[in-house]
Amino acid sequence: GIDMDLNKETIDRVAELAAALTPPSDIAALLGIPADMLKAELADRLSPLRAAYLKAKAETALMLRRQEIDFARVGSPFAVQLTETYLRDMTADEDY
């Protein structure tokens with residue numbers, strides 16, 4: 001098979017698209033990479049591409065959570081519901 005070119009430019013572009021919450025299949029299409037190859041790289045726990053993808057996704061998720069918490073503080077019932085969901089998800093992930 002073809003090896004993915006994991007240069008800084010590719011990793012930065014994947015991170016940029018992940019920050020925009022772009023699904024891996026769309027990232028692959030936009031970059032001209034076979035989707036199965038990109039997904040295999042994202043599944044590799046030691047991959048620098050995976051680390052960049054997850055970090056960028058988490059940064060956007062953090063920004064969105066902060067925005068919802070601000071909306072909850074000013075009394076948005078929907079934002080309160082969302083932040084309660086975030087809290088449940090956070091607690092569920094605390095399996096240490």
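Trainee: Is L21 buried, partly exposed or exposed, and why?

Mentor: Burial is read from relative accessible area: under 20% is buried, over 50% is exposed, and partly exposed lies in between. L21 has 47% relative accessibility, so it counts as partly exposed. Keep in mind that this is a predicted model.

Trainee: Where does L21 lie in the chain?

Mentor: Place a residue by its flanking elements. L21 sits in a loop. Helix α1 (8–19) comes before that loop, and α2 (24–31) follows.

Trainee: Which residues form a nonpolar patch on the surface?

Mentor: A patch residue needs over 30% relative accessible area, and nonpolar side chains are joined within 5 Å. Here L21 joins M63 and L64 in such a patch. Together the three have about 270 Å² of accessible area.

Trainee: How much area does the whole protein chain expose?

Mentor: About 6,900 Å². Carbon and sulfur atoms supply 58% of that area. As for burial, 27% of the 96 residues count as buried.

Trainee: How many helices and strands are there?

Mentor: Count the elements, then read their order. The protein chain has five helices and zero strands. From the N terminus the order is α-α-α-α-α.

Trainee: What is the radius of gyration, and what would a compact globule have?

Mentor: Compare the value with the globule rule. The protein chain has 16 Å, whereas a compact globule of 96 residues would have a value near 12 Å. Then check the spans: the C-alpha trace covers about 55 × 30 × 20 Å along its principal axes.

Trainee: What share of the contacts comes from residues 24 or more positions apart?

Mentor: Take the contacts with a separation of 6 or more. Residues 24 or more positions apart account for 44% of them.

Terms used. Residues numbered from 1 in each chain as written. Predicted model: local features only at pLDDT ≥ 70, side-chain atom pairs only at ≥ 80, totals over all residues. Heavy atoms only, no water. Patch = residues over 30% accessible without salt bridge, like charges linked within 9 Å, V, L, I, M, F, W, Y side chains within 5 Å. Areas by Shrake-Rupley, 256 points an atom, 1.4 Å probe, with all protein chains shown as cover. Salt bridge = Lys/Arg side-chain N within 4 Å of Asp/Glu carboxyl O. Helix = DSSP H or I, 4+ residues; strand = E, 2+ residues; numbered from the N terminus. Buried < 20%, exposed > 50% of the residue type's maximum accessible area, 1.4 Å probe, protein only. Rg over C-alpha atoms; globule rule 2.2 N^0.38 Å. Contact = heavy atoms within 4.5 Å.
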